[in-house]
Amino acid sequence: MSATTHKEPNYMGVFWWLLILTILEIGVIYLPIAKIAIVIMLIALAISKAALVALYFMHLKFERITLGAVALSPFVLCVFLILMLLPDIFPH
Amino acid sequence: MTDAVTMPAGAEPAESPLTPENWGKLGMWLFLAGDAMSFGGLIVGYGILRHASKTWPVPSEVLGINLTAFMTFLLIVSSVWMVLSLSAIQKGDLPRFKKFLGLTILGGLVFLGCQAYEWTHLITHTLPEHKLSFSKDLFATTFFVLTGFHGMHVTGGVIYNACVLAAVLRGRYGAKHVEIAGLYWHFVDLVWILIFTFVYLI
């Protein structure tokens, strides 16, 4: 098969987004709001940054669905692990 | 019986909707998925231990975030250098490829230097000041296990990238190999993004 044939992503655009999201993350921890709101915002920002790296730098956006399934499998297993450990995390 | 293996005219024997564009790339993705499960297990374990602990220091107050914010910036920039090196070799621009892959390797080495400094400072100053130790406190144990496991990956990535650079210069590797090495390096960056958030910021 041939090498990658998709149009080259705007790498510098992705870089600026990653930089902005990182600065936002550092700013968020100093916000005078509830801790849980800060945690949710930080997790959302981290997932956004990870998705940008995977989709554009790792070219997942332009790959076949097989690779997407392979890439997502660890997250499914992590969710499974958390669900299995819930009784231990929140004991009655 | 030979009818069973006869392929329709015009179809490549190995081709199917699941066939990857590049087998090496699929192999790297499978490895990374396994590696992500290791990191995932460690991060989930960290979260559960932290949730169950009665006391847990505020990470940003003990660890500080100025240096690690710089380290995060460094890994993001090195990821950009990595994709620019791939872009260069795909266009046949060898000098530009050498420059950007060299910078990627340098970025990894500076990251490791920062981590060595951070660990030394924590072990000799910060942890004793907060009466914390690697062997007795889960805060310190989980920190060193997670960042150490990631640091080993960065070390492996620096060696891998250096080997790819040497192989390209000797004419043995091409763009395909650089793309596969890039997947590993971006994965290391992606994991650090998560570690920075979960271990330092939250």
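**Chain B and its contact with chain A**

Good morning. Chain B contains 6 helices and 0 strands. Read from the N terminus, its elements follow the order α-α-α-α-α-α. Please keep in mind that this is a predicted model.

Let me begin with the overall form of chain B. Along the principal axes, its C-alpha atoms fill a box of roughly 75 × 45 × 20 Å. For a compact globule of 202 residues one would expect a radius of gyration near 17 Å, whereas chain B has 21 Å. Of the 202 residues in chain B, 36% count as buried. If we take the contacts in chain B between residues at least 6 apart in sequence, 76% of them join residues at least 24 apart.

I turn now to one helix. What should the 25 residues of helix 3 of chain B, residues 66-90, span at 1.5 Å a residue? The expected value is 36 Å, and because the end C-alpha atoms of this helix are 36 Å apart, the two agree. After helix 3 of chain B comes Gly92(B), which has a positive phi, near 80°.

Next, the contact between the chains. Here 38 residues of chain B are in contact with 35 residues of chain A. On the side of chain B that touches chain A, at least two residues each are supplied by helix 1 (23-52), helix 3 and helix 6 (175-201). The residues of that side comprise 24 nonpolar, 10 polar and 4 charged.

Finally, chain A. It is divided into domain 1, covering 7-58, and domain 2, covering 64-92. The C-alpha centres of these two domains of chain A lie 22 Å apart. Thank you for your attention.

Key
Residues are numbered from 1 along each chain as its sequence is written. Chains are lettered from A and ligands numbered from 1 in the order in which they are written. This is a predicted model: local features need pLDDT of at least 70, side-chain atom pairs count only at pLDDT 80 or more; totals for chains, interfaces and linings use all residues. Helices (H or I, at least four residues) and strands (E, at least two) are DSSP runs, numbered from the N terminus. The expected span of a helix is 1.5 Å times one less than its number of residues. Domain bounds come from an automatic or database domain assignment. Two residues are in contact if their C-beta atoms, placed from the backbone, lie within 7 Å. Ala, Val, Leu, Ile, Met, Phe, Trp, Tyr, Cys and Pro count as nonpolar, Asp, Glu, Lys and Arg as charged, and the others, Gly among them, as polar. The radius of gyration is taken over C-alpha atoms; the globule rule is 2.2 Å times the number of residues to the power 0.38. A residue is buried if 20 or more other C-beta atoms lie within 10 Å of its own, exposed if 12 or fewer, and partly exposed in between; C-beta atoms are placed from the backbone.
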